[in-house]
Amino acid sequence: MKQWLKLALLAVAGCSLVWPVWRIARALPPFGEPTGNYGPEVNRLGPPLRHISNMVSAVNFDFRGIDTLGEEFMLLAAVTGTVLLLRGIRGEDTSAAPDIIAGRALAGRAESTTVICRLLGPLTVLFGLYMAAHATVTPGGGFQGGVVIASGFLLLYLGEDYSAWRELIRSHIVAALEGGGALLFALAGFLPLAEGHAYMENTLPLGDFKDVFSGGLMLVENVGVAFAVAAGFTMLFLEFMEETRSLEGDGDK
Amino acid sequence: MSVLPWLVAAWLFGAGIYGIVSSRNFVHLIGCLSVCQSSTYLLLLGIGYRWGGVVPVFYDHPPGTKAVDPVVQALVLTDIVVGATVTALLLAMAVQVDRKYRELDPQKLRPMRHEGHQ
Amino acid sequence: MNILLALLFLLAAGAGTGVVLTRDPRRQIFAIAANGLVLTVLFFALQAPDVALSELAVGTAATPLLFLVTLAAVRRNRARQ
Amino acid sequence: MQLVPLPVALPLAVAALLLALAHVVPERLPDIVATLTALAVAAICGVLAVHAALHGELVYWFGGWTPRPEAVLGIAFGVDLASACIGSFIGLLFAAALLFAWGYFDEVHAHFQVLMLLFLAAMEGFSLTRDLFNLFVWFEVMSVVAFALTAYQLEMPSLAGALNFTVTNSLASFMMLGGIGLLYARAGALDFEAVGQAVTAHGSDAVAIGGFCLLCAALMIKAAILPFHFWLSDAHAVAPSPVCVIFSGAMVSVGLFALAKVFLQIFGGSAEAHFLIRNLFLSLGAATAVVGGLMARAQRHLKRMLAFSTIAHLGIMLTGLAAMSSAGLTGLLVYFVGHGLVKGALFMVAGILLALRGSVDELELYGEGSGLAPAGIAMALGGLLLGGLPWGVMDAGSRFVSDAGAAVAGPGTEAALMAGAVLTGATVLRAAGTVFLGLGAEPDPEEVGSPSAEEQEKANRPLWLMMIPCGLLLALALIPGDVAAKIGIDAAQTFGGASPAGPRPALPSALLSWISTAVTVGLASYDLLRHRLPEAMAQAISVVSRAPVHALTKLHTGLVSDYVIWIAVGLGCFSVVLAFG
């Protein structure tokens with residue numbers, strides 16, 4: 001098809017959708033005045049029934065825990081898939097023999113960068129850990145914390161010597177952490193099942209309201225998520241970074 | 001103006017579609033796809049918002065305070081993960097396509113044609 | 001409707017459109033990061049700090065970074081040619 | 001019933017374990033573990049099916065969150081006979097595909113097996129859940145795995161196919177989420193039943209019907225219904241053949257299954273939804289059948305041919321759904337399983353050719369199939385079954401569907417469905433004749449060389465190992481039709497937890513199937529013997545028959561931007577039909 005013909009066709013289709021969109025927008029409950037009572041009920045029942053203050057975490061890990069289980073494994077699938085795609089050409093071996101493509105790693109990295117990254121990296125990781133640990137009381141949780149931890153690792157990567165990084169994070173350790181985190185989450189569901197309750201039923205001691213260790217089974221799931229997400233994103237960053245490095249290595253030849 | 005959020009969501013979806021259709025670079029196209037996705041964030045969070053509601057975290061407010069809907073927020077969290085994962089996958093594919101074929105124009109990338117029997 | 005929220009929604013529409021209209025992928029990265037930032041602020045304003053934090057970590061940092069690395073890889077490919 | 005979470009939780013846990021231990025487990029173990037897990041899932045679903053048949057639908061609330069009077073807080077799986085049977089079928093298909101892929105994907109630390117197990121879990125969750133957002137989550141897991149597996153071979157066709165697949169199906173998932181958002185705004189619930197009550201209570205409502213349209217469009221993209229079907233032929237043609245077995249055998253049809261569930265459980269009381277289905281989906285189904293059939297006939301790349309044939313048969317299934325009768329629903333369910341078995345076996349034959357003969361090009365393979373007699377027999381049988389051979393599961397399904405379609409839309413629909421079946425069946429027969437018997441005109445050597453693909457699959461497996469799962473699927477497909485029909489009728493009667501309503505449909509007569517088979521064989525013979533006909537006559541026929549195909553072929557450009565435009569056009573069709581309703 002010609003480009004103008006395509007855009008014309010799209011415009012016609014778009015025009016036919018303007019009226020329905022407007023009707024739907026008018027028929028929706030006005031902004032700020034939702035009518036459903038799912039959310040309000042969660043807000044009402046969450047604190048007394050689960051002793052935690054962050055209702056988003058309560059929904060994620062308890063009321064709708066199975067959704068988050070699926071989400072975690074979606075991340076796992078995407079990371080596994082990306083690794084598969086990116087390694088295809090580089091070959092599996094690069095992570096075993098880093099020296100071959102050491103390339104430019106040491107050049108162009110200023111002293112100050114190293115210092116800043118060394119300072120910020122661990123701090124970021126710590127902040128991520130803090131955020132992940134407080135999932136049940138304050139905003140944030142395993143997912144956000146995990147991403148922050150992975151960014152901390154990335155800073156370390158940028159700051160440290162390339163081969164040191166390779167030793168620090170060997171990709172099969174990362175893969176094991178990722179799988180292990182996800183496994184922990186899945187097993188957290190099996191635990192109540194073995195006791196004769198429903199899958200993921202929160203049967204552990206719930207702790208005290210506003211305490212870090214509140215929420216029972218949610219804590220375990222949250223740790224699993226934090227591990228899986230931190231390792232998953234680290235793996236993503238690592239593999240993508242590898243993509244530029246290996247190319248630079250080739251370029252030097 | 002109580003319909004503004006819904007119209008913005010629809011606008012973003014449309015804009016993303018337009019970007020995908022007219023894009024001449026796959027990396028750009030992936031960015032447009034994420035614009036489409038952000039329309040779903042807005043729609044969901046807009047649906048759960050409540051005038052005067054507080055954050056659904058009862059740390060500073062006592063339980064029972066009027067709060068916004070936590071369910072949609074949990075849904076959007078999942079949605080954001082979806083966005084990140086799909087983006088990563090697409091970018092990985094784009095890197096591979098470019099590496100092998102030095103071509104990132106979506107108007108030129110097509111699976112091999114095998115038509116023409118008989 | 002609260003003026004601030006209305007403005008933020010309009011800003012989000014603008015930022016998203018900006019991402020689409022920035023045809024050069026290198027500059028688009030900034031548009032993507034800006035869009036992520038606008039969304040983060042909007043989500044805070046919508047009383048969704050959990051979502052805002054995710055968007056901050058993913059939309060403003062991780063995703064633009066992946067785009068950046070992809071473009072670096074692509075540029076390398078072209079340079080080697 | 002403690003077994004309900006297992007079809008999902010078990011493969012997930014095993015996948016995580018495999019990934020965590022990938023570097024230490026011995027080489028063959030992942031294959032064995034994955035295959036056994038798939039079999040275990042099939043068995044568990046089988047037990048659940050028996051339970052559902054005896055005691056009715058089983059509703060399982062995760063986390064123990066049984067509904068409260070004020071709101072439904074948790075997520076439930078609803079295990080009725082239909083869902084459990086479909087779940088069991090999916091488990092079996094995965095076991096067969098994993099067996100077929102035995103040793104094929106060694107080089108990568110069990111990554112293939114991990115992805116397949118996640119795929120399995122997602123499809124089980126997708127077919128068992130009765131929560132809208134949970135449906136979305138499994139939809140997305142399924143898609144993400146499928147995207148990665150499609151690109152697995154990292155060649156231009158597979159990468160471009162995967163990119164098209166990813167972009168279109170991501171749009172589908174956003175549309176689905178948008179639809180879920182609208183329904184949540186209206187109903188304040190995500191559970192099918194609770195949403196359904198709210199939708200019924202609200203009556204005619206733009207929000208609910210908008211949500212329905214978005215959900216339908218999303219699921220129809222997944223199920224590759226015209227005009228959303230373009231991605232399928234690209235993706236299924238290039239994915240590794242064991243993966244294609246799953247794609248064509250179950251992944252796409254499970255989209256229609258979910259559509260049936262969403263329609264019956266949520267929108268059963270919505271007049272607009274009925275209107276849309278009756279006036280649009282019925283014709284879309286018939287059109288998809290014909291277009292898929294015509295396109296299949298124009299292909300020489302065997303996997304692409306099979307992919308278009310899948311599109312045609314999805315159209316037939318949609319017609320069963322759109323008839324909105326218990327015969328139509330029975331047809332949909334039975335056809336789902338029957339088609340999945342046959343198509344799975346056919347993709348395995350394509351995989352065998354790819355592994356042992358290094359090509360899936362019909363002309364390149366001219367006569368090359370001699371020595372692979374079992375595969376040839378399987379392919380010919382598959383072609384006959386696609387074309388309507390009155391024996392087995394698929395035929396029972398197709399008789400119900402065409403009966404139901406004729407009842408609501410007259411013989412035109414029936415003819416369109418038969419055309420889809422005949423065209424695909426005859427094409428597969430033609431290819432079988434060309435490849436395995438060397439029938440037909442010898443191809444022009446120049447033409448043979450042109451579209452050579454860089455695709456080859458590893459030839460590390462003996463023929464018998466690959467024939468076992470293939471034969472198994474065909475044997476299951478040949479289970480007598482009345483047995484399948486009986487289970488199908490029971491399943492349809494209690495679908496979605498409904499209590500048996502209306503008279504039980506009876507298996508329609510086999511007359512049409514015989515006609516269809518005869519036409520299929522006739523068409524295939526014409527194709528294979530055409531070069532013996534007088535030149536002028538063959539020329540005239542081919543000129544007439546080629547024109548529509550040529551136009552269609554031009555529309556299948558392979559460009560993702562065009563596919564996205566067609567998606568927008570499809571949505572526009574929804575709105576136009578509703579506006580004039």
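This report describes how chain D of a predicted model meets its neighbouring chains, and then looks at some helices of chain D itself.

**Contacts between chains**

Among the five pairs of chains that touch, chains A and D share the most contacts. Their contact draws on 61 residues from chain A and 60 residues from chain D. On the side of chain A that touches chain D, the elements that give two or more residues are α1 (3-27), α2 (38-50), α3 (55-63), α4 (65-90) and α8 (171-194) of chain A, and α4(A) gives the most, with 17 residues.

Chain B also touches chain D, with 34 residues of chain B in contact with 47 residues of chain D. Here the elements of chain B that give two or more residues are α1 (4-22), α2 (26-48) and α3 (70-101), and the largest share, 13 residues, comes from α3(B).

The table sets out the classes of residue on these two sides.

| Side | Nonpolar | Polar | Charged |
|---|---|---|---|
| Chain A, touching chain D | 35 residues | 16 residues | ten residues |
| Chain B, touching chain D | 20 residues | nine residues | five residues |

Chain C and chain D, by contrast, are joined by no contact, and their closest C-alpha atoms lie 14 Å apart.

**A pair of helices in chain D**

Within chain D, helix α11 (residues 271-297) packs with helix α12 (residues 302-322) at an angle of about 160°, and their axes are 7 Å apart. Because angles over 145 degrees count as roughly antiparallel, α11(D) and α12(D) are therefore roughly antiparallel to each other. The crossing of these two helices, α11(D) and α12(D), is left-handed, and the residues of their contact comprise 17 nonpolar, seven polar and one charged.

**Helix α19 of chain D**

How does one check the span of helix α19 (residues 481-493) of chain D, and what distance separates its end C-alpha atoms? The expected span is 1.5 Å times one less than the number of residues, so the 13 residues of α19(D) should span 18 Å, which agrees with the 18 Å between its end C-alpha atoms.

Several residues of α19(D) are buried, among them D:Gly481, D:Ala484, D:Ala485, D:Ile487 and D:Gly488, and the buried residues also include D:Ile489, D:Ala491, D:Ala492 and D:Gln493. What covers the buried residues of α19(D) includes three helices of chain D, namely α3 (81-100), α13 (326-357) and α15 (393-409).

Conventions. Residues are numbered from 1 along each chain as its sequence is written. Chains are lettered from A and ligands numbered from 1 in the order in which they are written. This is a predicted model: local features need pLDDT of at least 70, side-chain atom pairs count only at pLDDT 80 or more; totals for chains, interfaces and linings use all residues. Two residues are in contact if their C-beta atoms, placed from the backbone, lie within 7 Å. Helices (H or I, at least four residues) and strands (E, at least two) are DSSP runs, numbered from the N terminus. Ala, Val, Leu, Ile, Met, Phe, Trp, Tyr, Cys and Pro count as nonpolar, Asp, Glu, Lys and Arg as charged, and the others, Gly among them, as polar. Axes are lines fitted to C-alpha atoms, for helices over the stretch in contact, and angles run from 0 to 180 degrees between N-to-C directions. Angles under 35 degrees count as roughly parallel, over 145 as roughly antiparallel, 65 to 115 as roughly perpendicular and the rest as oblique. A crossing is left-handed if the near helix is turned anticlockwise from the far one by less than a right angle, and right-handed if clockwise. A residue is buried if 20 or more other C-beta atoms lie within 10 Å of its own, exposed if 12 or fewer, and partly exposed in between; C-beta atoms are placed from the backbone.
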